[in-house]
Amino acid sequence: MSTAELKEKLIAQITDTDNDELLSEISTMLYVESKSVNGVYQMSEAEREAVEDGLEQIRNGQWISDEEANRQVEEWLRK
């Protein structure tokens with residue numbers, strides 16, 4: 001199958017689906033691909049700053065374990 005044929009097939013499948021989760025995943029994949037250079041994701045300045053903020057929070061002990069986060073989410077969902 002040629003690239004052009006594959007694109008046409010994908011466009012038809014995307015047009016026919018109402019699955020929001022699938023469409024969101026496709027959108028994310030295409031966004032990441034568009035931000036990649038030689039297969040490496042290129043972060044924006046805002047993304048770099050967010051990562052730096054997160055690393056600073058870790059250095060300052062401002063974090064919780066995955067188990068605690070899951071417990072808090074479960075508790076929140078029960079409200």
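Here are four short exercises on this structure, which is a predicted model.

**Exercise 1: Salt bridges in helix α3**

Work out which side chains of helix α3 are joined to Arg48 and to Arg59 by salt bridges, and where the partners sit.

*Solution.* Let's start with the general idea. Side chains of opposite charge can pair when their charged atoms come close.

Step 1. Pick up Arg48 and look for a carboxylate. Glu45 is its partner, with an N to O distance of 3.7 Å. The cut-off for a salt bridge is within 4 Å, so the pair of Arg48 and Glu45 at 3.7 Å counts.

Step 2. Check the spacing. Arg48 and Glu45 are 3 residues apart in helix α3, about one turn of the helix.

Step 3. Now do Arg59. Its salt bridge is with Glu56, and the closest N and O atoms lie 3.1 Å apart. Again both residues belong to helix α3, with 3 residues, or about one turn, between their positions.

Step 4. Add the exposure. Arg59 has a relative accessible area of 54%, so it is exposed, because the cut-off for exposed is over 50%. Glu56, at 37%, is partly exposed, and Arg48 is also at 37% and counts as partly exposed.

**Exercise 2: A network in helix α4**

Find the salt-bridge partner of Arg71, then say which residues are joined into one network.

*Solution.* Step 1. Arg71 pairs with Glu75, and their closest N and O atoms are 2.8 Å apart.

Step 2. Place the pair: Arg71 and Glu75 are both in helix α4 (residues 66–78), 4 residues apart, about one turn of the helix.

Step 3. Look at accessibility. Arg71 is partly exposed at 41%, and Glu75 is partly exposed at 38%.

Step 4. Follow the shared partners. Glu68, Arg71 and Glu75 are linked into one network by salt bridges that share partners. For the overall tally, a search of the whole structure turns up 4 salt bridges.

**Exercise 3: The nonpolar surface patch**

List the residues of the nonpolar surface patch and decide which helix gives the most to it.

*Solution.* Step 1. Collect the members: Tyr31, Val32, Tyr41, Met43, Val51, Leu55, Ile58 and Trp63 make a patch of about 730 Å².

Step 2. Sort them by helix. Both α2 and α3 (45–59) supply at least two residues each. The top contributor is α3, with 3 residues.

Step 3. Try one member as a check. Leu55 sits in helix α3, and its relative accessibility of 34% makes it partly exposed. A patch residue needs over 30%, so Leu55 at 34% clears that bar.

**Exercise 4: The largest pocket**

Describe the lining of the largest pocket by helix and by residue class, then take a closer look at Met29.

*Solution.* Step 1. Get the volume. Rolling a probe the size of a water molecule over the atoms shows where empty space is left. For the largest pocket, that space is about 250 Å³.

Step 2. Go through the walls. Residues lining the pocket include Lys7, Leu10, Ile14, Thr17, Ile26 and Met29. Helices α1 (3–16) and α2 each supply at least two lining residues.

Step 3. Count by class: the lining has 8 nonpolar, 2 polar and 1 charged residues.

Step 4. Zoom in on Met29. This residue belongs to helix α2 (residues 20–34), and at 58% relative accessibility it counts as exposed. For a sense of distance, the C-alpha atoms of Met29 and Ile64 are 29 Å apart, with 35 residues separating them along the chain.

Technical notes:
Residues are numbered from 1 along each chain as its sequence is written. This is a predicted model: local features need pLDDT of at least 70, side-chain atom pairs count only at pLDDT 80 or more; totals for chains, interfaces and linings use all residues. Side-chain values use heavy atoms; hydrogens and water are left out. Buried means under 20% relative accessible area, exposed over 50%, partly exposed in between (1.4 Å probe, protein chains only). Patches are made of residues with over 30% relative accessible area and no salt bridge: like charges are joined within 9 Å, nonpolar side chains (Val, Leu, Ile, Met, Phe, Trp, Tyr) within 5 Å. Accessible areas come from the Shrake-Rupley method with a 1.4 Å probe; for residues, only the protein chains shown count as cover. On a 1 Å grid over the protein atoms alone, a cavity is a set of points where a 1.4 Å probe fits but cannot get out, and a pocket is an open set with protein on both sides within 12 Å along at least five of seven lines; lining residues have an atom within 4 Å of a point. Grid points are joined across faces, edges and corners, and a volume is the space filled by probe spheres set on the points. Ala, Val, Leu, Ile, Met, Phe, Trp, Tyr, Cys and Pro count as nonpolar, Asp, Glu, Lys and Arg as charged, and the others, Gly among them, as polar.
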